[in-house]
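Thanks for coming. I will go through two helices, two single residues, and then the pockets and the cavity.

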Amino acid sequence: MTRSSDHPIVFCGTPAFAVPTLEKLVATGFDVRLIVTQPDRPKGRKLDLVASPVKDAAEKLSLPIYQPEKIKHNEELRSKLEAIRPEAIIVVGYGRIIPPWMLQLPKLGHINLHASLLPKYRGAAPIQWAIANGETVTGITSMRIDEGLDTGDILLQKELAITDQDTAETLSPRLAAIGAELMIETLEGLSADTIQPGKQDNNYATLAPVLKKEDGRIDFGRSAQEIYNRFRGFQPWPGAFTMFRGKILNVTAIKLASERVAPAEILVKNGKFFVGCANSSAIELLEIQPEAKKRMSAQDFLHGYRPQVRERLG
C-alpha cells in the first residue's frame, strides 16, 4: 500500500493490545487520518474518567481522535469517514461491531488483527481461553471483517509458542508486537496484490467467549493441570477464587504439586498449603487473599487460620 496522502487509513482500537499496531503504522509512514476509540470510562474508587490506551497513544502522536458511544447509526462518523475516503480501516480490539454501511466504505476493506490462529478461538477473549485450554501454540491472524463474529477471510497468520509459565498478561504484549509487524506486511501485500485471502473452515471453529466472574471459580473436580492452565489464562481478571469457611478466598499464586490428596481437601505439610484436585493430582497455594483482607503468603494464612485435617475448599 502506497504511504501517501492519496491512500489514507483510519484506525479503530481501544486496548493496550492495539497500541503497537497504531505506533507501527505511523512509524512506517502510513497516513493515519483518524483514530476511532471508545469513550473515556470511569475507573477506580473515585470513578475518574480514564482514556483508553489507544487515545493516550494517539494524543502523543498528535492524531485526530473521535470517541463515539455508538457507531451503528452514527451519521457524524459516517460523514467523517466519507470525507476521508480511507483506503483501509484497521480494527484492533475496538470493542464495537462494525455496521454494514461502514464495511462497504474502504477499497481494501476492514483489516482486523485477531489474537488467535483462526478459525480457533473466535470471540472476545482468545488469548485467555487458549491458555486456559492448555494450548502450547497460538498466534495472530490478519483478516477481513465481515458481518459475522471473526468469520472473515484470513489474510496472513503467524504462530507463537505459549510457555508453561505464560499468563494472559505475559502473552498479550508478545502477540501485540508480532501483530503490529503482521499488519504492515498485510497492508503491503494487499496493495501489491500478493495475498490470496482464504476462507475459514467452520468445521474447525472454536469460541472464546467474554469472560465472566464465575469463570474464575476453581473447580477441584478438574485436574491440577487444568486448574493451573485456567489460573494462568484468567489473569488479571477474573483471576481465581474458591470458598473457605463460607467466605471468598482469592488465589493469587499457585504451582503444580506431586502430593496425593482427595479433591478439594486441604493438606498442610512441612509448612506448605496443598489442595487436592481430580485424578490424584494437587496444587500448592503460594499466595492468597481472604475476603476483605490483604494478600498474604500461604505460610501466613496457615498460621492465622490453622486449617483442620480434612477441611475443604469450595
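Before the first helix, a cut-off: a residue is called buried when its relative accessible area is under 20%, and exposed when that area is over 50%. Keep in mind throughout that this is a predicted model.

Start with helix 2, residues 53–60. Val-54, Lys-55, Ala-57 and Ala-58 are buried there. Looking down the axis of helix 2, you find its buried residues within an arc of 165°, so they line one face of the helix. What lies over that face? The cover of the buried residues of helix 2 includes strand 1 (9–13), helix 1 (19–27), strand 2 (32–36) and strand 5 (65–66). After helix 2 comes Ser-62, with a positive phi near 55°.

Just ahead of that helix is Ser-52, in the loop between strand 4 (48–50) and helix 2. Is Ser-52 buried or exposed? Its relative accessibility is 6%, and the cut-off for buried is under 20%, so Ser-52 counts as buried. The side chain of Ser-52 comes to 3.0 Å from the backbone nitrogen of Lys-55, and Lys-55 is itself one of the buried residues of helix 2. Setting aside neighbours within four places in sequence, Ser-52 has contacts with Thr-14 and Thr-37.

Next, helix 3, residues 75–84. Its buried residues are Leu-77, Leu-81 and Ile-84. Down the axis of helix 3 these fall within an arc of 60°, so they too line one face of the helix. On the other side of helix 3, Glu-75 and Ala-83 are exposed. The buried residues of helix 3 pack against strand 1, strand 2, strand 5, strand 6 (88–92) and helix 4 (100–103). Now the ends. At the N-terminal end of helix 3, Asn-74 acts as the cap, with a side-chain oxygen 3.0 Å from the backbone nitrogen of Glu-76. Following helix 3 is Arg-85, whose phi is positive, near 50°.

One residue of helix 1 is worth a stop: Thr-21. Thr-21 has a relative accessible area of 0%, so it is buried. Which residues does Thr-21 touch, leaving aside neighbours within four places in sequence? They are Phe-11, Ile-90, Val-92, Leu-113, Gly-179, Ala-180 and Met-183.

On to the pockets. The largest pocket holds about 1300 Å³ of space. Its lining comprises 39 residues, and Gly-93, Gly-123, Ala-124, Ala-125 and Pro-126 are those nearest its centre. Strand 7 (110–114), helix 5 (126–132) and helix 6 (168–191) each contribute at least two lining residues, and helix 6 gives the most, with five. By class, the lining of the largest pocket has 24 nonpolar, ten polar and five charged residues.

The second largest pocket has about 280 Å³ of space. Ser-52 returns here, as one of its lining residues, with Thr-14, Gln-38, Asp-40, Arg-41 and Pro-53 also among them. This lining divides into six nonpolar, three polar and three charged residues.

Last, how many cavities of 30 Å³ or more are there? The count is one. The largest cavity has about 70 Å³ of space. Among the residues lining this cavity are Asp-215, Arg-217, Asp-219, Arg-222 and Arg-230, along with Phe-231 and Phe-234. Its lining has five nonpolar, two polar and five charged residues.

That is the end of my tour; questions are welcome.

Technical notes:
Residues numbered from 1 in each chain as written. Predicted model: local features only at pLDDT ≥ 70, side-chain atom pairs only at ≥ 80, totals over all residues. Heavy atoms only, no water. Buried < 20%, exposed > 50% of the residue type's maximum accessible area, 1.4 Å probe, protein only. Helix = DSSP H or I, 4+ residues; strand = E, 2+ residues; numbered from the N terminus. Arc of directions from axis to C-beta. Contact = heavy atoms within 4.5 Å. 1 Å grid on protein atoms, 1.4 Å probe; cavity = no way out; pocket = protein on both sides within 12 Å on 5 of 7 lines; lining within 4 Å. Points joined across faces, edges and corners; volume = space filled by probe spheres on them. Nonpolar A, V, L, I, M, F, W, Y, C, P; charged D, E, K, R; others polar. Polar contact = N/O pair within 3.5 Å; in protein donor to acceptor, adjacent residues only side chain to side chain.
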